[in-house]
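Here are my notes on the model you sent over. I went through it point by point, so have the viewer open while you read.

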There are 2 protein chains.
Amino acid sequence: MRIGAIEAGGTKFVCGIGNENGVIEDRVSFPTELPETTLRHVIDYFQNKQVDAIGIGTFGPIDIDPSSPTYGHVTTTPKPGWGGYDFLGTLQRAFNVPFGWDTDVNAAAFGEAKWGAAQGLDSCVYYTIGTGVGVGVYAEGKLVHGLLHPEGGHVLTRRHPEDAFAGICPYHGDCLEGMAAGPAIEKRWGVRGGELSPDHPAWAMEAFYIGQAVAGIIVLLSPKKVILGGGVMHQEQLFPMIRAEVQRNLNGYVAHGTVLSGIDSYIVPPGLGDNAGLSGALALGLAAAGR
Amino acid sequence: MRIGAIEAGGTKFVCGIGNENGVIEDRVSFPTELPETTLRHVIDYFQNKQVDAIGIGTFGPIDIDPSSPTYGHVTTTPKPGWGGYDFLGTLQRAFNVPFGWDTDVNAAAFGEAKWGAAQGLDSCVYYTIGTGVGVGVYAEGKLVHGLLHPEGGHVLTRRHPEDAFAGICPYHGDCLEGMAAGPAIEKRWGVRGGELSPDHPAWAMEAFYIGQAVAGIIVLLSPKKVILGGGVMHQEQLFPMIRAEVQRNLNGYVAHGTVLSGIDSYIVPPGLGDNAGLSGALALGLAAAGR
């Protein structure tokens, strides 16, 4: 099979072709512009590629309710031109194939469960911590949706006792995204995170917030793997610090060896690395094709 | 069909017989004693009742992993005699019928989705707020488990600015259960909640903690219904206060009419009232029977 995959980010789009084994055979990338321009590039790329299905993992929020008249639309993003745009419908009119459609983080969770760090498991959560914070949830072998889709970047966390930063979330101020996304690090410390040394106190504070959120999702959902991706998580020193914060917060309550003694292989980077997003879109496309 | 149902609580057991329409035709109740004594009562009740299956919704934590050698056991409860007890196996040796086995709160969520406040929906969360705080999660038409089962009573919440109470959770001190369970109310105010007037400041504080946790589960899982049960929720004045706290915390972020304008029918008491637990066990039994 030839499956099309679209990783639609707020900054750039990645399109590719893959097969049923998760192998990506071709890819292109271009900046995210106004939707008509961007989707024209997407359509040009897939024209004459003879794909059997296309999977889309996209920035959001998006309408994922198949019974809704605006199914497939981007909803309330501040991104110019994209609010209310019929993203899925535009592609459906161009290509008469089955489409998979979900958030970028749900797609990444799905790809990781199929070919990555959660391979063979029926549950995992996928965090991206970068320009924003997003959470994909895979439970009982299914991607989770409800009224809308998970927006776990906006959970409230307790404030670090030495942190006076107000937070940058326009809705909640100091929710997880408001305190721990890349732009929050930059605004709090006055320089981009990438310029801070690995032993800068910024990282202990970052681990404090992320570890608290991860401990919360562990008690709530008991996922079999916690995967932390996104630009901020390229700071590898964060992993042991976050694991320690999770154990401090849980304090032995979740009495399972995976958490108590196996945490180094429980809270991990994406097994697919920076391919998690595109591979996830490929997995959505495969599922749409019935595979 | 004749389905057996067991609602196993830390204080009392309720056993009953029901049919495929959710009608409970007979029931008995007795105090929870040592496990051998209690299970003897259960076995005596179901003897000669000719049930086609039995569903069990129980206090926990319990082992719900079918591949585990201790599947069906109670795990780490401080309740005398119950830690490590083979609850399910004892009944399987007495009755050669299919068994459903899950937590009391997952059972209640399942029953509410089948016959109660979430009827016809493919997702809901069920909170019990009483002696402890438990959360059942039903998503994408399935009860959610993972490494273990949800233990959402132990999420951390931010402290109410006027609350100096340390909390009663032996693991976390001031987690949700530590601050909002019935015994926390009693210890904080010096009298049982039932003796406080409906306009006592205790209830605004209670709504502060519950509303914060519910807002958190809404961003994380986007459930189609939030059901609040348990003894503390018999204080009906809490419902409008909790709804207001949820909206204050979300601050318009979850842009769905159900949350923005329909919240009175979104955050609700159990549709099955105090039958939610036993009906949930009945639903588990029906599912075990393939119905």
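1. Let me start with a small spot in chain A. Leaving aside residues up to four places away in sequence, A:Q119 touches A:E112, A:A113 and A:K114. As for where to look, A:Q119 sits in the loop between α3 (104-115) and β6 (124-129) of chain A. If you want a sense of distance, go from A:Q119 to A:H160: they are 41 residues apart in sequence, and their C-alpha atoms are 35 Å apart in space.

2. A word on confidence, as this is a predicted model. Chain A has a mean pLDDT of 96, and 100% of its residues reach 70 or more. For the model, ipTM is 0.96 and pTM is 0.96. As a general caution, where pLDDT is low, the predicted coordinates should not be read in detail.

3. Now the interface. How many residues does each chain bring to the contact? Chain A and chain B put in 45 residues each. Together they bury about 4,100 Å², and 64% of that is on carbon and sulfur atoms. On the chain B side, look at B:L147, B:L220 and B:Y253: they supply 20% of the area that chain B buries against chain A, more than any other three residues.

4. There are polar links across the interface as well. Between chain B and chain A, 22 residue pairs are in polar contact, with both partners at pLDDT 80 or more. Sorted by class, the side of chain B that touches chain A has 22 nonpolar, 17 polar and six charged residues. Two salt bridges cross between the chains. One to click on is the pair B:R158 and A:D174, whose side chains meet at 3.3 Å, N to O.

5. Which elements of chain B build its side of the contact? At least two residues each come from β7 (133-139), β8 (142-143), α6 (201-221), α7 (238-250) and α8 (257-260) of chain B. The most comes from α6(B), which gives six residues.

6. Symmetry next. Chain B superposes on chain A after a rotation of 180 degrees with 0.0 Å of shift along the axis, and the RMSD is 0.0 Å. That is the relation of a two-fold axis. The same surface serves both copies, since 100% of the contact residues of chain B recur in chain A. Which residue of chain B comes closest to the rotation axis? B:R158 does, with its C-alpha at 2.8 Å. You met B:R158 above, in the salt bridge with A:D174.

7. Over all chains, the structure holds 18 salt bridges. Within chain A, have a look at A:R188 and A:D163, whose side chains meet at 3.0 Å, N to O. A:R188 is in helix α5 (residues 182-189) of chain A and A:D163 is in the loop between β8 (142-143) and α4 (176-180) of chain A, so this pair ties together parts that are 25 residues apart in sequence.

8. Last, some backbone details to check by eye. A:G60 and A:P61 are joined by a cis peptide bond, with omega about 0 degrees. A:P61 belongs to the loop between β4 (53-58) and α2 (87-94) of chain A. In chain B, the bond from B:G60 to B:P61 is cis too, with omega near 0 degrees, and B:P61 is in the loop between β4 (53-58) and α2 (87-94) of chain B. Also flag A:N48: its phi is near 65 degrees, a positive value in a residue other than glycine. You will find A:N48 in the loop between α1 (35-46) and β4 of chain A.

Terms used
Residues are numbered from 1 along each chain as its sequence is written. Chains are lettered from A and ligands numbered from 1 in the order in which they are written. Side-chain values use heavy atoms; hydrogens and water are left out. Contact means heavy atoms within 4.5 Å. Buried area is the accessible area (1.4 Å probe) that two parts lose on being put together, summed over both. A salt bridge is a side-chain nitrogen of Lys or Arg within 4 Å of a carboxyl oxygen of Asp or Glu. A polar contact is a pair of N or O atoms within 3.5 Å; within protein, one must be able to donate a hydrogen and the other to accept it, and residues adjacent in sequence count only if both atoms are side-chain atoms. Helices (H or I, at least four residues) and strands (E, at least two) are DSSP runs, numbered from the N terminus. Ala, Val, Leu, Ile, Met, Phe, Trp, Tyr, Cys and Pro count as nonpolar, Asp, Glu, Lys and Arg as charged, and the others, Gly among them, as polar. Copies are superposed by least squares on the C-alpha atoms of residues with pLDDT of at least 70 in both. pLDDT is the predictor's confidence in each residue, from 0 to 100.
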